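Colleague: Could you take me through a single part of this model up close? I'd like the sheet, and then whatever else helps me place it in the chain.

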Amino acid sequence: MTSDWRNLSYDILAESGEDVEEMKKNEFPPIPDPGLLSGVSLSLKTNLLKSLFFYRSFNNRRLTHTAGIGAIGIATVVSDPKFPPNDFFTPERVFPVRLRHANLTLSDDRVLDVRSASLKFANVEEGGPLDLIMNTGRACPFWNGPTVKDFMASKAGKKELKEWLHKNSSYYYWAIDGSRRAPSSYSKLSYYSQVTMEMIDNECTSHHVRFRLIPADYCGHDDGRPDERDQRNYAEEWDVVRAENDTRAPNYLHAEFKGLFANGGAVHYALQLQRRYVAPGDSLEVYNMGRAWDPDRHPWLDVARVTLFRALHPDVTERLQFNVANLPSCVVLPEAPSFEDYRSIGHLRRALYAVVQKARLWKFNSCAPPSTGVSYRFTVDTVDTKQGGYDGDVHVIFFGSEGETGALKLHKSRMFGDDFGKGEKSSFELKAEDVGELWAVQLTLANKADGWFIGMMTVEKGGVSVQFPCFHWVYEQAIIRLGKATLAFNDSPEQQAIRALEKQARREMTPWQEWCSMPSHIRATLHADLARDYQFGDEKTADFYMRRDEGRFNYFYKLITEGVAKVFKEIQGYHHYNTFFHFNVGQNKVPSVAERWQSDREFGRQFLQGHHPTSIRRVVGKLPYNFPLSDESVRMVLGRNVTLKDEIDAGRVYIVDCKSLVGIPTATGRHVTPAMGLFYVNASNDFVPLAIQLDQQPGLHNPIWTPADTFNDWLLAKMHLRCADAQIHQINSHLLMTHLVIEPFGVSMFRNLPRVHPVFKLLCPHLRYTMAINTIGRAKLVGDQGLADQVLSIGRGGHIVYIKRCYSNFDFRRLSLPYDLAERNVSDASLLPTYYYRDDGLLIWNAVHRFVADLIAIYYASDDDVRNDDEIQEWIGEVHTIGFPQNDDDVDHHVPSRFDAIDDLVDALTAIVFTSSAEHAAQNFGQYDYYAYYPNAPMTMRQPPPSTRGATTTKSIIESLGGTDQVSFQLLTVWLLSTKSRDEVYLGQFPEAHFVDPEARVVIAKFQEDLKEIEACIDERNRHLEVPYTYLKPSEIPKSIAV
């Protein structure tokens, strides 16, 4: 039908002798002011209509819009809405939707009839946040209670219909406007909500709104509009089966609409609204459904793009229930004060839809005939974790290659305890439509406030069992994909939509927070602020890290300090430090370093094989200009036949340089110095200290200390170097270079990668708890009055300054172990033979790299696949732009902004996996062994570094070390940080089967074999060591950063 089409109703009325102008004047009689009994009258008349509709519903499945076809899809809010913002239609928000098209009266698609589109903003059969019920026709031929009664009376027969058309000129006009004969497709029509609602924006301003749904390529005109014959003979033509020349099937619209989805096709609509400000004294005419709003004064504004992917099974379509009462909080259906008021239509629809649906539910058992179908055996595992069970009704829907089943109730009820108890496996025999090859399961929980921690789900149909790994909390509703990992461009449009919905939901629960020119993190002040998926589990509970480091930690602190006080009033000798362990019920074992800590051999060994193995670097060419060390001063260590230059050229001289501490403020009464320490690999391959300079600038009051000095002078110099190294270790190497730099990858992963993505499956076990421990750490470790304030010389503010400084020099490439070793010139095992961190680390690194490369090769066939994977590009892009802000004074952080090759992706993933497991283990779990005995590695010095030789005594050393408070705090802090939980998951363990693909399982098995071989190699070497190096044994490496 072209734009020349005209509504002839006024002409037809005039030709029949009606005074059309007079009729127009009386189309909308004045609405009487509500009286005292108007509300009572409205209630009585509504109840009468409810009774009538309830009765009629027992004779028909639906009173109107009887024959429908449904479809499933998504609605995506436009990126730049032209209407005031509100909290529902937020830019680019994605909603799952279900749509139902139908004819108003008759099941024959060829007749003259009104067509409808009902749109539900949820993937459910009933309920949801918003239902829009729309019909063809810009306005409606009834607009209040009395006109509804007139309309219902017109259905009695042709005579009554003709009388109704001539009773009010608007009845005829809008009946013609909304009717369509034999349109080519439901998808080519426009649909109008007609009813006026109020939408409240974010500034609490109200707007009158109406909605419409039009084809995405709408030309401005519907086809199927009544021709002159239909308009003149409307009453007679209404129930004509078809036009004489129309030989199509009675349900051709349904068949045509379903066919649009063949071969991956989709149907596209645009949802729009008209808007008018709500002003005091507005005329009631704004609510009049019998008047269309002028589009020139109130233009249609785009709201969302609606994309439908698949037709619904007829049984599922029949179960769909729509109600105008389903509205978000920012959209209101105005209350009606009387039966005559224009707002009574919304009131009646809300009441009548509910009662009709209840009647259908009672008579027709869930609004649909029973389906013969096939049998499904559904099994669900509830994770054995605190409050992981669920008590309440559950409905499940199976998605398959041929559509979806209806909602199937899991019947399970207990008088006591959860219906689905933690640690339990529950199985159900279900019967439903055969939907072909299964690819997803949807769960809907009736108890929306209560979560359910689900592990693995399996569905068996026809002797074939498929797995759906969940391993996360489910609230209200979730769609769990088949366990096989997939990339988005290999998915169907519907599957891609589910990915988008999942990412949207997790973006809402995983907001970014910038933090003082440091790596960004998740926005959460307390552990309890995190979504439960990001919180610690049952054994690895938050109260272990929070209440114990407050309540129990303080209890232990009191035990130690009061117990020590009974033995001595102040520390007077090194033997007194052993006493602290006697009162630490958390860990009362004295570390073995207490027996040998004063020796140079042990001092050097700890820098090479201890808790901070990344501080050393080889001296190349010559010493730093500000370390003027002569051959004679170190002759005692080198021997008489070699020079320092000879040993530097031979690659046997190494340095620990703490220059990054220059200018960092310290807490009152505490000291730290930017020391430099020179080390040497002697003829016995021992790593021993050559010299220590306690400030960066040489001078008279900054002597270079060597083993040739007095025992106490040299011992105190070593303590100051160790204290400086401790600040760098705790703040840079441990906190920043493992905890903080890994978190942005986790935040972006949860925001941008769906669980079905292979990289999510790979990284999730390694990043799962990082946000939890870091949230606690920001509050309890580096926050005000945190542990850093108590134990570090640079606490009480200096540690924050230092984190910022270290971050300004952060280089992502340093997370690659081979790169870091090469950059520090410590790769050559022949020059540095007992550097077990390097040796074991490279074994782990290479195994992880092979594992990652083999996994990625399963899913990415070429570099083009990487480039075309929008999700992986969004993941790393957000890490680059938000996770690692590039400040003006920063070096280039070299964080990738995108990946263009498989090798680049594999290298980055290897660095993330290695850092969150092996690197963190090497930096963290040796802390008790080396820090617990305070003199060995003090984190606080109470006196400045010595400046003259020969003045140091044992008493002055002890006075330089921390007092009872600092010793107790340091002991308890490193005990807390070195403790592994009982449910720790170690590298190579996969208790949560995220990967179920057979090819991936083969790769995992090979990785586990590699780790076993590495462990055997390490164990064999350690059998011959005086002090075994165990921190990088695979069985000792936690899979993620969780402490």
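Modeller: Let's start with the open sheet, which has four strands in the order 16-12-18-19, paired antiparallel. This is a predicted model, so read it that way. At the edges stand strand 16 (425–432) and strand 19 (464–474); each has a single partner strand, so one side of each is left without a neighbour in the sheet. Going from one strand to its neighbour, the average turn is 20°, if you ignore direction.

Now look at the pairing of strand 12 (residues 374–382) with strand 18 (residues 452–461): they run antiparallel and are joined by five bridges. If you want one spot to click on, try R377, whose bridge partner in strand 18 is E460. As background, strands of a sheet pair through backbone hydrogen bonds, either parallel or antiparallel.

Further along the chain comes helix 12, residues 493–509. Helix 12 has 17 residues and spans 25 Å from its first C-alpha to its last, close to the 24 Å expected at 1.5 Å a residue. Its buried residues are E494, Q495, A497, I498, R499, L501, K503, Q504 and R506.

Helix 12 packs with helix 19 (residues 711–752), at an angle of about 140° and with the axes 6 Å apart. Angles over 145° would count as roughly antiparallel, so these two helices are oblique to each other. On the helix 12 side, K503, R506 and R507 make the contact, and helix 19 brings M749, F750, R751 and N752. Sorted by type, the residues of this contact are two nonpolar, one polar and four charged. Two of the helix 12 contact residues, K503 and R506, also appear among the buried ones.

One more residue to look at is H849, in helix 25 (residues 836–859). H849 has a relative accessible area of 26%, and since buried means under 20% and exposed over 50%, it counts as partly exposed. Setting aside neighbours within four places in sequence, H849 is in contact with V906, D907 and T910. H849 also lies 8.6 Å from A911, C-alpha to C-alpha, although 62 residues separate them in sequence.

Zooming out, the protein chain holds 32 helices and 27 strands. Its C-alpha atoms fill a box of roughly 130 × 65 × 60 Å along the principal axes. Of its 1043 residues, 59% count as buried. Among contacts with a separation of 6 or more, 76% are between residues 24 or more positions apart.

Methods
Residues are numbered from 1 along each chain as its sequence is written. This is a predicted model: local features need pLDDT of at least 70, side-chain atom pairs count only at pLDDT 80 or more; totals for chains, interfaces and linings use all residues. Side-chain values use heavy atoms; hydrogens and water are left out. Axes are lines fitted to C-alpha atoms, for helices over the stretch in contact, and angles run from 0 to 180 degrees between N-to-C directions. Angles under 35 degrees count as roughly parallel, over 145 as roughly antiparallel, 65 to 115 as roughly perpendicular and the rest as oblique. Contact means heavy atoms within 4.5 Å. Ala, Val, Leu, Ile, Met, Phe, Trp, Tyr, Cys and Pro count as nonpolar, Asp, Glu, Lys and Arg as charged, and the others, Gly among them, as polar. The expected span of a helix is 1.5 Å times one less than its number of residues. Buried means under 20% relative accessible area, exposed over 50%, partly exposed in between (1.4 Å probe, protein chains only). Two strands pair if DSSP finds at least two bridges between them.
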